[in-house]
Amino acid sequence: MQESYDIVIVGAGHAGAQAAICLRQMGFAGTIALIGDEQFPPYERPPLSKEYLAGDKPFERILLRPEAFWGERQVDMQLGKRVTAVDPAAKLLTISGGAQTSYGQLIWATGGTPRMMDCKGSNARNVFAVRTRADVDRIMARLATTQSVAIIGGGYIGLEAAAVMRKLGKQVTLIEALDRVLSRVAGPSLSAFFEKEHRDQGVDLRTGYTVDHIETDEAGHAVAVRCGNGDSIAADMVIIGIGIIAQTGPLIAAGAAGGNGVDVDEFCRTSLPDIYAIGDCAAHANPFANDRVIRLESVQNANDQAKVAASHIVGNAQAYHAIPWFWSNQYDLRLQTVGLSLDYDQELVRGDPASRSFSVIYLRAGKVIALDCVNATKDYVQGRKAVTDGIPLDLEELANPAIPIKEVSHA
């Protein structure tokens with residue numbers, strides 16, 4: 001029998017789960033199905049490369065809601081299923097295995113899949129991504145027999161994994177193709193700080209290194225990473241953290257506009273009728289990105305876009321205009337970021353990085369557009385208003401950590 005729901009949410013991560021929660025909180029009384037390709041109920045993703053991998057938090061503590069919550073809210077959880085096709089004219093979904101489900105309105109919240117290497121040896125059994133619980137469980141299962149770890153990618157996932165592996169006493173080599181870590185999301189000052197921190201913690205950090213292939217033994221296990229310059233880095237385990245690919249195939253095949261993600265308007269509507277897209281897979285024009293069309297891979301964006309889509313569905317349309325924020329925990333450092341540093345033309349360091357409590361402030365045309373705050377929560381909280389206000393501030397005062405950001409004079 002073909003199932004039918006008023007709303008079907010595809011993707012049971014942060015965005016999809018929050019959409020279901022918001023719909024019920026806003027009084028939506030119709031039927032809701034939440035389809036997820038994992039076997040587990042919705043859970044937090046950020047702890048996977050931090051507390052969960054380190055063994056500091058069991059899985060039950062990273063669930064977004066207790067398992068019973070979804071039944072109590074009459075959300076039909078359909079786990080371990082993948083949508084393979086969308087028929088927007090018939091409002092029909094085809095599920096892996098051939099079953100079909102009809103919908104009144106569809107929310108696409110599939111996130112992304114890890115971008116993997118396509119070189120020789122990349123399919124070895126001890127080469128891992130860090131995206132799902134299953135990924136991390138496989139890593140954890142091999143830790144007892146692992147002494148050395150090679151991590152490919154110097155973004156947040158790679159750096160967080162490196163910090164955890166050092167905490168667990170592993171030898172860690174981190175390989176980044178570009179000339180500095182975090183080069184796509186932060187300025188040189190923050191990159192230099194984290195490079196020094198990881199080296200001080202014992203990480204063999206190699207920037208400007210490309211990967212030629214992964215060497216394997218006769219049993220099909222990775223034993224080393226061969227770099228483009230000929231260096232061979234021995235490893236009992238390889239972790240790849242080089243970003244994600246938006247999971248939008250069925251929507252794009254159905255005619256939705258998009259490229260790097262599926263395009264949405266200010267209400268998270270796609271170009272297809274009665275179909276919304278939210279979270280990591282949704283490409284939108286963002287005012288905090290100088291109006292560029294971008295995808296935002298963050299819990300903040302997932303939650304805020306879920307609220308926007310749900311509000312539009314229940315007839316209380318509210319355009320998306322949320323300030324981006326992110327965080328990262330590495331060793332005893334807590335990095336908090338507010339705003340987006342895209343197209344910045346000036347970088348200002350507030351405080352002394354050697355003190356391990358400082359902020360990097362990014363400006364464009366004299367206005368604060370983003371802050372990276374390391375162990376500096378007050379700067380993060382007060383800097384948020386500076387980003388949203390968009391008023392030029394006195395740069396000499398702004399650079400002085402003795403003056404609270406909220407008390408800095410206008411330029």
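At what angle do the axes of helix α1 and helix α8 cross? In this predicted model, the axes of α1 (residues 14–25) and α8 (residues 299–313) cross at roughly 40° and come within 8 Å of each other. The crossing of the two helices is right-handed. On the α1 side the contact is made by His14, Ala15, Gln18, Ala19, Cys22 and Leu23. On the α8 side the contributors are Val299, Ala302, Asn303, Ala306, Lys307, Ala310 and Ile313. Sorted by class, the contact of α1 with α8 consists of nine nonpolar, three polar and one charged residues.

Leu23 leads from this helix pair into the interior. The largest nonpolar core contains 50 residues, and Leu23 is among those with the most contacts inside it, together with Ile9, Ile107, Ile278, Val368 and Leu371. Several elements each supply at least two residues of this core: the strands β1 (3–10), β2 (32–36), β25 (358–364) and β26 (367–374), and the helices α1, α3 (67–72), α8 and α9 (377–389). The largest share, seven residues, comes from α1. Setting aside neighbours within four places in sequence, leucine 23 is in contact with Ile7, Ile9, Phe28, Ile32, Ile107, Ala310, Ile313 and Val314. Another core, of 40 residues, lies apart from the one just described, and its members include Leu63, Phe128, Ala162 and Val172.

Two of the strands that feed the 50-residue core, β25 and β26, also belong to a sheet. This open sheet of five strands runs in the order β22-β23-β26-β25-β24, with antiparallel pairing. Its edges are β22 (325–330) and β24 (346–350); each has a single partner strand, so one side of each is left without a neighbour in the sheet. From one strand to the next the twist averages 15°. Strand β23 (residues 333–339) and β26 run antiparallel and are joined by five bridges. Glycine 339 has alanine 370 in β26 as its bridge partner.

A second open sheet has four strands. Their order is β17-β18-β20-β21, and the pairing is mixed. Which strands stand at the edges? They are β17 (258–259) and β21 (292–295), and because each has a single partner strand, one side of each lacks a neighbour in the sheet. Both senses of pairing can be followed through β20. With strand β18 (residues 261–263), strand β20 (residues 282–286) pairs in the parallel sense over two bridges, and aspartate 263 stands opposite alanine 283 in β20. With β21, β20 pairs in the antiparallel sense over four bridges, and here asparagine 286 stands opposite arginine 292 in β21. β20 and β21 form a hairpin with five residues between them, and asparagine 290 in the turn has a positive phi of about 60°.

Hairpins also connect β12, β13 and β14. Strand β12 (residues 211–216) and strand β13 (residues 222–227) run antiparallel and are joined by five bridges. Histidine 213 has arginine 226 in β13 as its bridge partner. Five residues lie between the strands of this hairpin, where glycine 220 takes a positive phi near 85°. β13 pairs in turn with strand β14 (residues 232–234), in the antiparallel sense over three bridges. Arginine 226 also has a bridge partner in β14, serine 232. The hairpin of β13 and β14 has four residues between its strands, and glycine 230 in the turn has a positive phi of about 100°.

Two loop residues remain to be placed. Is proline 47, in the loop between β2 and α2 (51–54), buried or exposed? Its relative accessibility is 4%, and the limit for buried is under 20%, so proline 47 counts as buried. Apart from neighbours within four places in sequence, proline 47 is in contact with Tyr52, Leu53 and Ile62. The C-alpha atom of glycine 208, 161 residues away along the chain, is separated from that of proline 47 by 28 Å.

Glutamine 247 is found in the loop between β16 (244–246) and α7 (249–253). With a relative accessible area of 17%, glutamine 247 is buried. Leaving out neighbours within four places in sequence, glutamine 247 is in contact with Asp37, Arg82, Trp108, Thr110, Gly111, Gly112 and Thr113.

Conventions:
Residues are numbered from 1 along each chain as its sequence is written. This is a predicted model: local features need pLDDT of at least 70, side-chain atom pairs count only at pLDDT 80 or more; totals for chains, interfaces and linings use all residues. Side-chain values use heavy atoms; hydrogens and water are left out. Axes are lines fitted to C-alpha atoms, for helices over the stretch in contact, and angles run from 0 to 180 degrees between N-to-C directions. A crossing is left-handed if the near helix is turned anticlockwise from the far one by less than a right angle, and right-handed if clockwise. Contact means heavy atoms within 4.5 Å. Ala, Val, Leu, Ile, Met, Phe, Trp, Tyr, Cys and Pro count as nonpolar, Asp, Glu, Lys and Arg as charged, and the others, Gly among them, as polar. A nonpolar core is a set of buried Ala, Val, Leu, Ile, Met, Phe, Trp, Tyr and Cys residues joined through side-chain atoms within 4.5 Å. Buried means under 20% relative accessible area, exposed over 50%, partly exposed in between (1.4 Å probe, protein chains only). Two strands pair if DSSP finds at least two bridges between them.
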